[in-house]
Amino acid sequence: MNAPNKSGWKPESPAGDRPRDDAATTTTGNRALMLEEALIFEIGTNDTTGVDLPEPDANAANRLGGMERVEAINLPGLSEPETVRHYTRLSRQNYAIDLGLFPLGSCTMKHNPRLNEKVARLPGFIDLHPMAPSSVTQGALEVIYQLGEWLKTLTGMAAVSMSPKAGAHGELCGILAIRAALEARGNARRVVLCPESAHGTNPATAAFAGYEVEDIPATPEGRVDLEALKKRLGPDIAAVMITNPNTCGLFERQFREIADAVHDAGGLVYCDGANFNAIVGRVRPGDLGVDAMHINLHKTFSTPHGGGGPGSGPVVFSETLAPFAPLPFVEKHGDRFELVEEENAGEHHASTFGRMTAFHGQMGMFTRALTYILSHGADGLAQVSGDAVLNANYILRACEDVLFAPYADSGPCMHEALFGDRDFAEGLSTLDLAKGLIDEGFHPMTMYFPLVVHGAMLVEPTETESKAALDQFITALRSLAERANGGDMTLKDAPVYAPLRRLDETQAARKPVLAWNDPNLT
Amino acid sequence: MRYLPLTDADRADMLEAIGAPSIEALFSDVPDAARLDGPIHGLPMHASEMAVERHMAALAAKNLPAGSVPSFCGAGAYRHHVPASVDHIIQRGEFLTAYTPYQPEIAQGTLQMLFEFQTQVARLYGCAVANASMYDGSTACWEAISMAGRITRRNLAILHEGLHPHYVATVRTMAKFTGDSIADRAPTLSADCGTAALIEEIEANEPSCVVVQYPDILGRLPDLKAIAAATRAAGALLIAVNTEPVALGAIRSPGELGADIVVGEGQALGVGLQFGGPYLGLFAVRDPKHVRQMPGRLCGETVDAEGKRGFVLTLSTREQHIRREKATSNICTNSGLCALAFSVHMTLLGEKGLWALAAENHRLACLAADRLARVPGVSVLNDSFFNEFTVTIDGDARGVVRDLAEKNILAGVSLGRLFPMEDHLSGGLVVAVTETTTEDDIDALCAALKEALA
């Protein structure tokens, strides 16, 4: 909502006073622009199709080796107009960045430029086969190479792997490279240290790679406790995984000292780059002693989240880890770009730990990210991180008197502001405030994460919000905080203006119905 | 700076409200030594939309789009016609710029779509439950092996010789770190899929799972039913891998033939080639009791506070954001928008359209196989196939592929590139034919091969 209501108009009564049951009912169940939509299994049939294809010749011989299908699959079809209407109606039940401020901390929901979409759909990119010979894919290889080079420049790192499919896949790539490097030294070691405030993917990744996971202690001000960490370091510690800026929204001031201590103890340093958007163009993680870091292209470089992916998680490596990076990657020889894969990796990349995925990574995300970097340039990217941090601090300082901000005294926040539910009246929770934001026309912030703050609310406005949009959000957040602090139990009813009221998640999990017409699982 | 709404006046007002002298001051926690004092070196400065588009279009123009020439490349990525409405729908901002649907009250669009998608995939695969997608087929394949290990408490996976070599490499890479054993071998250049040898291997071991691609990398159709029986007798799970969902409009589903876990690549429907990504991992199980061991997100039906039907992400106690190091997988973001593209394309096709699409693919592939078989020096390996088959020539097919590309014909994917360590496969060429292939394309390939092999 980049055009907030400047007239000062407000709903006559606050949310909760007017349950939807009191509203007029209609025969269709629709409410003007709020249109109900059934499942395709309820409206489509096996005989309907929205494409024109030649009628199959029932008598044609086949070469299916006796495997030909005889039973119906039961896939309902819709005509083209019905299909477009079905999905358009569904789309209108979604909140999206295109509709309004989406302050989802750590997830970075910022404007997705449409030029990026246009470029990604150029036939030379979208209609290019991954196994076409390199002589006819030079432009694509150049995109991968150039983006990789600029990621190295922006992070100050020695090497890059472009193939990981998302942030968590990139984490895995980084930890596998660390494990391979330690194995080459003769001992993979046993334990990876993660702070309690880490993203859930960090411990899950370390476990996936065969490591035990232990906590890194934190200081009361919300940063890694360097002295406690030093005491824990030893010959069994393979690596530390630290997010910087961390998930409390703070820059780890002593990152360099942490990295040096880990290196002195023979371990390696993984940085979760989910929050790189806060420092891009201003700080290079390579200068802080990082050995591996993934970059979520869908966060820092604004490729669209698409309702849950696809992401893209390139990983940058230090000199120490560069030899262990996975296949494939792109090299430049004179004017030509060459894809290095199993066929030609041989001698000059003998230590590679292997392959993360089929083909070469999320090309459709690379074209978008490269377009984004070209649009902003070096000067624009520094302004991106600057404005992201400015916006978060603006919200932090505008709300800290009504909403408990546990680290308000720990210095400026970075790109996200962290609040807790300490001052809420008995019986009201973070969830209630978050659902109240829905009624006010906003997506809720990230809730109950990080785990180190009770009832955590992590607010990340991003740099693509106007001051007017921030002011409107602040007004709404302050009002909700005052209601929660004052014990306004009508918040329990929120949301009342959304397409649905609160959903019964317990029932969903207890008796899972995971496919249409499927008997309930027991 | 067209993507940044703040004006300098806004910034000054906001800094005053915060009580900070400058934006730089907000970075005071960054040690001086780590702070850059100007625009980073090595990157250009910002550029207009027109200039950026021109630059990117020039890069795109250096590539040869599959649709612009006769193209027979497949091997796990297929060019199909994607109806225009698919791209229109996935570009709607409410889908494109939404987040993972953690707030179900304002994400029913994505959630209902996922519920429909899960049902479509489960039915296509002959399974009970499918998840809300994985990254791609290769990573889904590893996740299935990992899941079979959790269920059977064994750690040997036997891979059929016809599994895509990139999938094998991905699996071997992961297994190296988890301590799982992987038994794999390169294919033989034969119409026989090696089913008998595979069954012997299953019987002689105690595997957690057997992994069979169907149709396989050479386009052959392994006898899943026989393999499923042997796998079951050995107390193991059969994982079927499918890289061409359109095939399942013509051949029986893996679930129907006894596969326990079915995974695959969904790119062929709706997603486009995109030089290898983003693609769409599909993941389904035949027996609902295995649901709690599945990786990835699941969307389920429930009701809201007024009793109205709605959908939520569910069973998340399997997942990393709840279970952390005890999660079934570290996967977080998956392929939501690609799942939407797949689902819209599948809805447009419907049962009738999918059968017709599959029939047309098979008809053209048969036609291509017959014409290629008449080219001197070319032999067709397969006696059964769907829309992809292998031909053999004397010499190294890699050179032929490169030479034909210079003549603007994408002849297919050489086995030499797929299996660089296996000299005995170097004469193999995998040829894919879809509804986008014309008879003229096929004749152009035949003529070019005839000339190249003369």
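**Figure 1. Val380(B) and its partner across the strands.** In this predicted model, Val380(B) sits opposite Val391(B), a residue of strand E11 in chain B. Strand E11 covers residues 388-392 of chain B, and 2 bridges tie E10(B) to it, with the two strands running antiparallel. Step back a little and these two strands turn out to belong to an open sheet of 4 strands in chain B, ordered E10-E11-E13-E12 and paired antiparallel. Strand E10 (379-380) and strand E12 (413-414) of chain B form the edges, each pairing on one side only.

**Figure 2. The seven-stranded sheet of chain A.** Now over to chain A, where an open sheet of 7 strands follows the order E1-E7-E6-E5-E4-E2-E3. Its pairing is mixed. Strand E1 (159-161) and strand E3 (212-216) of chain A are the edge strands; each has a single partner strand, so one side of each has no neighbour in the sheet. Going from one strand to the next, the twist averages 25°.

**Figure 3. One edge of that sheet, and the helix lying across it.** Which residue stands opposite Ala159(A) in E7(A)? Look for Phe317(A), which faces Ala159(A) from E7(A). The strands here are E1(A) and strand E7 (residues 315-317) of chain A, joined by 3 bridges and running antiparallel. Helix H6 of chain A, made of residues 167-184, lies across E1 and E7, and also across strand E4 (237-243), strand E5 (268-272) and strand E6 (292-294) of chain A. H6(A) runs at about 165° to E6(A).

**Figure 4. Helix H12 of chain A beside helix H14.** Still within chain A, the axes of H12(A) and helix H14 (residues 467-485) come within 10 Å of one another and cross at roughly 35°. That crossing is right-handed. On the H12(A) side, look for Asn391(A), Tyr394(A), Ile395(A), Ala398(A) and Cys399(A); they meet Leu470(A), Ile474(A), Leu477(A), Arg478(A) and Ala481(A) of H14(A). Sorted by class, this contact of H12(A) with H14(A) has 8 nonpolar, 1 polar and 1 charged residues.

**Figure 5. Helix H12 of chain A meets chain B.** H12(A) also packs against a helix of the other chain: helix H2 (residues 49-60) of chain B, whose axis comes within 9 Å of the H12(A) axis, with a crossing of roughly 140°. H12(A) is therefore oblique to H2(B). The crossing of H12(A) and H2(B) is right-handed. Thr367(A), Thr371(A), Leu374(A) and Ser375(A) make the contact from H12(A), while Val52(B), His55(B) and Met56(B) do so from H2(B). The class count for H12(A) with H2(B) is 3 nonpolar, 4 polar and no charged residues.

**Figure 6. Where the two chains touch.** Pulling back to the whole interface, 177 residues of chain A are in contact with 171 residues of chain B. Which helix gives the most to the side of chain A that touches chain B? That's helix H12 (residues 363-399) of chain A, with 21 residues. The side of chain A touching chain B has 87 nonpolar, 57 polar and 33 charged residues.

**Figure 7. Chain A as the setting for the close-ups.** Chain A contains 15 helices and 12 strands. Its C-alpha atoms fill a box of roughly 80 × 75 × 50 Å along the principal axes. A compact globule of 522 residues would have a radius of gyration near 24 Å, and chain A, at 26 Å, agrees with that.

Notes. Residues are numbered from 1 along each chain as its sequence is written. Chains are lettered from A and ligands numbered from 1 in the order in which they are written. This is a predicted model: local features need pLDDT of at least 70, side-chain atom pairs count only at pLDDT 80 or more; totals for chains, interfaces and linings use all residues. Two residues are in contact if their C-beta atoms, placed from the backbone, lie within 7 Å. Ala, Val, Leu, Ile, Met, Phe, Trp, Tyr, Cys and Pro count as nonpolar, Asp, Glu, Lys and Arg as charged, and the others, Gly among them, as polar. Two strands pair if DSSP finds at least two bridges between them. Axes are lines fitted to C-alpha atoms, for helices over the stretch in contact, and angles run from 0 to 180 degrees between N-to-C directions. Angles under 35 degrees count as roughly parallel, over 145 as roughly antiparallel, 65 to 115 as roughly perpendicular and the rest as oblique. A crossing is left-handed if the near helix is turned anticlockwise from the far one by less than a right angle, and right-handed if clockwise. The radius of gyration is taken over C-alpha atoms; the globule rule is 2.2 Å times the number of residues to the power 0.38.
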